[in-house]
Structures are given as C-alpha cells and as structure tokens.
Amino acid sequence: MTRKRHMDAKRARPMRKRTRIDLEKKMKMITKFEDGQKLTAVAREFGLAVSTVCTIVKDAARIKEHVKGSAPLKSTVITKQRSGAIYEMEKILISWIEDQNQKNLPLSPMIIQTKARSLYGEIKGTFSDGSQSFLASSGWFHRFKNRAGLHNMKTSCDAASGDTAEAETFSDLLKEIIREGGYLQQQIFNVDETGLFWKKMPSRTYISAEERITPGLKAGKDKLTVLLGCNASGCCKLKPLIVYHSENPRTLKGISKATLPVYFRSNPKTWVTVDIFEDWFVNCFIPEVEKYCRENGIPFKILLILDNAPGHPAHLDDFHPNVKVLFLPPSTTSLVQPMEQGLTENFKAYYLRTTFAQAVAAIDRNPNLSVREFWQSYSLYHGILNIAKAWQELSPNCCVSVWKRMCPQFLRGFKGFEKDETFEGVADKIVKLAEELDLEVDKNDVEELIESHGEELTDEELLELEAAKDATDVQAVALEEPEEKPKCFIAEEMSIAFREIASGMARLEKMDPNASRFLKVQRGVDESLACYREIYEEKKRAIALNSRISIQNVRTKSEDFELNVSEK
C-alpha cells in the first residue's frame with residue numbers, strides 16, 4: 001500500500017520541463033565563471049541548477065573548441081568531430097545562412113541546397129574526399145538543418161517584397177498611436193543596422209585592382225556593422241554603435257574605447273546580437289535620449305520604431321516604463337522604415353567623401369606621400385573617426401525627409417530636398433576629390449561602391465573569410481603581442497606641442513595681410529587648446545609639488561643623519 005501511494009504521488013507531481021541550453025548561453029556561463037563569479041551566482045543568473053552549470057564549466061575546453069570550429073551558436077548539442085569537403089562546406093554554408101538571416105532575407109530549402117552545391121564545387125578540389133558526388137538531397141538538408149540548429153529558419157519567399165497595403169495600414173496605426181500617446185515629433189526614433197566595408201575603394205581604382213590580385217584576405221572586405229538612428233524632427237542624431245569582429249584591434253591599443261565618438265562592441269561575425277542590442281538599448285540609448293529630453297525641456301517619453309531583425313529582442317518594452325518599442329510588420333521594412341529611405345546610403349557617401357578629403361589633405365601636407373601609402377596607413381581608428389564625422393555631416397533636413405512615408409503628417413509644408421539630389425551632390429564632390437588623387441572614379445563607380453556594402457558575399461569571398469578566420473586563430477595561439485602602454489599626457493611633450501603650434505601661428509601672422517582675420521583665428525585656436533593648457537598646468541603643478549616633496553625628504557634624511565652623528 002505504501003509503495004502504491006508513493007507511485008501515485010510521483011505521477012501527480014508535475015514533470016520538470018527540460019531546458020535547452022544553446023552554445024551561446026554555455027559560452028556566457030563559462031566566461032562569467034572564468035571572470036571570477038561563483039557557480040551558485042552563475043546558476044542563479046541563468047535560472048539553472050548548480051550541477052548543470054558545473055557540468056558545462058567542466059566541459060569548457062570541448063565547448064570552446066566546437067565554437068572555434070564555426071559551430072552555430074544556437075545549436076544545443078556538440079556533435080562528433082567531422083572532417084572533409086562536405087564538413088568544410090557546411091561550416092561556410094552556416095556562415096552564409098546566418099548572414100542572410102541577419103539581413104532579414106528569407107531562405108527556402110531549394111535556395112540553401114543550391115548554395116551548398118555551389119560551395120562544394122568551389123572547395124572539393126582541395127580535399128582528398130572531394131571526388132565523391134554531392135547532390136545536396138532532401139535527406140542531407142534535413143540532417144544538416146538538425147546539425148546546424150536551424151529550427152526557426154525563415155522560408156517564406158514572399159517576405160522579401162514589400163507589402164504596400166500593409167505599409168499603409170501600419171502608417172495609419174502609427175498615427176493613431178502617436179495621437180493617443182501624445183508623442184511629439186522629437187520623441188519618435190528609428191534605428192537600423194547597416195554593413196560598412198570601411199576600407200573599400202571603388203572597383204576601377206588601381207588600389208582596388210591591386211588588392212584583387214593579392215593573395216590572402218582583402219582589406220577592402222574588412223567589414224563592420226554600424227547602427228544609426230535619429231528622431232522624426234531630425235534634431236537628435238544618436239551616437240553611432242559599431243560592431244567589429246575583434247574586441248581589441250591593434251589600432252585601438254592604448255586608446256580608451258569610452259573616449260571614442262562611437263559606442264564600440266565586438267562580435268566574431270560583426271553582428272548586432274540580442275545581447276549587444278540589449279546592452280546598447282539600456283546603457284546607451286535610454287541615457288542618451290533621456291539627456292536629450294532634459295536639455296530640450298521635453299517630457300521623457302520615447303517611441304522607438306524597429307524592424308524585425310534577429311538581434312532586436314521582443315521584450316524591450318520591459319526595460320523602461322517611459323520607452324515604448326513598436327515593431328514594423330516584416331514585409332514593410334523596405335517601404336517605410338526611415339533609415340532605409342536613403343539615409344544610410346547618404347551616410348556611406350559622406351563617409352567616402354570624408355576619406356577622400358582626408359587623403360587629399362594628407363598629400364597636401366606631405367607631397368612625397370602617395371595615395372597607396374596613405375591607404376596602407378588608413379586604419380580602423382581613422383575609419384571610426386570618419387564614421388562619426390560623416391554621420392554628423394548629415395543635415396537635420398535630410399533626417400526629417402526620410403520620415404515622409406511613415407509619418408507624412410510631420411512633413412506637411414516641409415521644404416526639404418530629395419534624397420537623389422543630395423546623393424548626386426556628394427557623388428560629384430567624391431569624383432572631384434578622386435581626380436585630385438589621380439584615381440579613375442565616376443558617379444557610377446560611387447553608386448556601385450555604396451550598393452556593394454549590402455551585397456551578398458560570393459563563394460570565393462566566403463572561402464577567403466573562413467581561411468582568414470582559421471589563420472587568425474593560429475596566429476592568436478602562436479603570437480602573443482607585448483602589452484602597449486595606454487595613451488597619456490606628458491608635460492614635456494605637451495610643451496613641445498605648444499611651441500610648435502605657436503611657431504605655426506607666427507608664420508601665418510607674417511603672411512596674413514588681414515590682421516582681423518588672424519586675430520579671429522588666434523582666438524579660436526586658443527579657445528580650442530584651453531582644455532589641453534589646463535591639463536598642462538595641472539601636470540606642471542604636480543611636478544613642482546613632487547619636486548618640493550622630494551627636496552623635503554632629502555632635507556629630512558640629511559637632518560636625521562646629522563642628528564645621529566652628533567649623538568654619537
């Protein structure tokens with residue numbers, strides 16, 4: 001009887017739901033544990049049993065090796081190690097599929113199977129088992145889908161085309177939400193991600209041609225993701241967020257990332273993941289818009305409009321009661337999302353113009369410098385500065401005009417300019433700058449380059465990127481770069497800099513016949529350098545204080561010595 005009661009109680013107890021833990025979550029647990037958190041704290045944070053976390057941490061080496069081998073982060077199992085042409089093809093295919101999903105591009109089994117056959121044809125010659133036939137059959141696709149964890153893959157072929165009727169319905173719905181919520185034009189924001197090949201030249205230039213025939217990873221294919229956003233009044237452009245594949249690029253060593261004119265984050269595939277977006281939303285977006293509202297006397301009440309990109313979590317409304325998030329219907333993004341109505345294209349055109357102008361200025365300063373040498377010295381740090389500069393150069397009028405389709409009520413009576421006219425003007429300036437650099441560039445080349453930032457990578461480029469990733473992993477193990485000292489102000493160097501600036505101003509004064517103009521420039525330079533002079537004076541005071549302390553210590557020791565001698 002006792003045994004029967006025990007069995008009945010066991011049946012009555014609700015079964016514990018099994019939690020699926022993907023590789024991404026496992027890596028987060030391992031990182032937190034290795035950073036010093038206790039197992040109990042990690043388990044509490046992820047809502048798991050301590051024993052489960054302990055098992056994952058013990059298996060850290062195998063998990064890391066699997067992730068390094070391009071395993072999809074959403075998979076929940078570690079499969080047996082495979083090798084050969086098909087295995088390598090699948091690694092590259094997973095990268096391609098994830099890239100398509102990040103761009104919100106729908107995929108069908110037929111499209112994936114066709115891509116798999118194409119990739120296999122490219123790489124089979126480099127493997128001993130490449131002679132076997134590969135048909136990318138339905139059976140292979142089913143097994144591949146399970147291995148890669150592609151359970152939520154988009155397969156709708158109609159989603160890529162915009163739904164005009166649904167776009168109009170959403171526009172009416174948004175108008176009602178704005179009216180009921182009492183939102184001002186300044187309180188409505190839109191952000192979107194865009195890819196940027198930060199070191200890419202127009203294809204017909206000799207630099208681009210040389211790069212194409214050079215073996216190895218092409219600098220022009222080094223890509224980052226930029227998140228840009230602004231409000232419907234065009235008067236608040238958010239500080240850009242960039243996501244790069246390296247957390248600590250060599251060009252940023254010694255530079256505090258907090259002082260950059262952008263928010264800097266990293267992801268191996270340069271994607272804005274859910275974690276990165278949540279971090280940006282809570283720690284960057286909310287404080288920035290709250291400050292904007294406070295400084296402009298506007299109630300802190302924000303409406304943020306987003307597309308349905310995989311990195312945009314659906315629970316953003318839970319983070320702050322004053323920030324409401326509204327998602328666009330999937331098939332309307334290209335039709336109504338403000339950032340996709342020409343703003344990102346103009347930004348990329350401004351970026352190219354800024355880069356070319358920088359090259360012209362550098363060669364003017366040093367006539368012995370060639371364009372090739374300038375381009376070789378052009379680093380990610382320069383790219384980041386130019387991203388911020390290009391974004392700031394976009395006018396409020398340009399930012400307002402892109403809201404025309406989503407919020408036409410805000411543009412009644414607005415006398416802005418068309419996107420094409422703006423783009424044409426920027427393209428003209430780029431062509432003129434290119435002529436100064438002896439580069440073969442016309443408007444069609446500029447348009448082609450701007451469009452190429454969103455193009456799909458070819459099979460050859462996918463193979464190059466995969467090979468570069470493997471080479472980077474090997475180098476990371478083989479090489480350990482010495483720690484570089486962070487940047488800091490040195491009083492002696494600052495003194496030299498001030499003398500050189502004064503010498504340059506004195507030369508300009510001798511040449512300028514307009515005394516008023518020179519005085520105006522002099523005042524501007526003095527005002528700009530005021531912050532550095534303040535630091536310099538503080539450094540001098542610190543040096544003087546340390547000197548007095550040292551002298552006092554020497555005197556004290558001398559007096560103590562004399563006292564000891566006299567006592568003896």
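Reader: Does helix 3 pass helix 4 in a left-handed or a right-handed crossing?

Author: The crossing is right-handed. A crossing gets that name if the near helix is turned clockwise from the far one by less than a right angle, and left-handed if anticlockwise. This is a predicted model, so local features need pLDDT of at least 70 and side-chain atom pairs pLDDT 80 or more, while totals for chains, interfaces and linings use all residues. Residues are numbered from 1 along each chain as its sequence is written, and side-chain values use heavy atoms, without hydrogens and water.

Reader: What makes a stretch a helix or a strand?

Author: Both are DSSP runs: H or I over at least four residues for a helix, E over at least two for a strand, numbered from the N terminus. By that rule the protein chain has 21 helices and six strands.

Reader: Why is helix 3 called roughly perpendicular to helix 4?

Author: Two packed helices are described by the angle and the distance between their axes. Here the axes of helix 3 (residues 39–46) and helix 4 (residues 50–58) cross at roughly 110° and come within 9 Å. An angle of 65 to 115 degrees counts as roughly perpendicular, under 35 as roughly parallel, over 145 as roughly antiparallel, and the rest as oblique. Helix 3 is therefore roughly perpendicular to helix 4. Each axis is a line fitted to C-alpha atoms over the stretch in contact, with angles from 0 to 180 degrees between N-to-C directions.

Reader: Which residues make that contact?

Author: Helix 3 brings L39, T40, V42 and A43, and helix 4 brings V50, V53, C54 and V57. Contact means heavy atoms within 4.5 Å.

Reader: How do you know that helix 13 agrees with its expected span?

Author: The expected span is 1.5 Å times one less than the number of residues. Helix 13 (residues 343–365) has 23 residues, so it should span 33 Å; its end C-alpha atoms are 33 Å apart, which agrees.

Reader: Why is L352 called buried?

Author: Buried means under 20% relative accessible area, exposed over 50%, and partly exposed in between (1.4 Å probe, protein chains only). L352 has 6%, so it counts as buried. L352 sits in helix 13, where 17 of the 23 residues are buried. Across the protein chain of 568 residues, 41% are buried. The C-alpha atom of L352 is 8.5 Å from that of A390, 38 residues away along the chain.

Reader: What makes A85 buried?

Author: Its relative accessible area is 0%, so A85 meets the rule. A85 lies in helix 6 (residues 85–102). Its C-alpha atom is 6.5 Å from that of D129, though the two are 44 residues apart along the chain.

Reader: How many disulfides are there?

Author: Zero. A disulfide is a pair of cysteine sulfur atoms within 2.5 Å. As for two cysteines, C284 is buried at 4% relative accessibility, whereas C531 is partly exposed at 43%.

Reader: What sets the phi of A136 apart?

Author: Most residues other than glycine have a negative phi. A136 is not a glycine, yet its phi is positive, about 55°. A136 lies in the loop between helix 7 (109–123) and helix 8 (138–148). At 3% relative accessibility, A136 is buried.

Reader: What is the phi of T270, and where does T270 lie?

Author: Phi of T270 is near 55°, a positive value in a residue other than glycine. T270 lies in the loop between strand 4 (263–266) and helix 11 (274–295). With 9% relative accessibility, T270 counts as buried.
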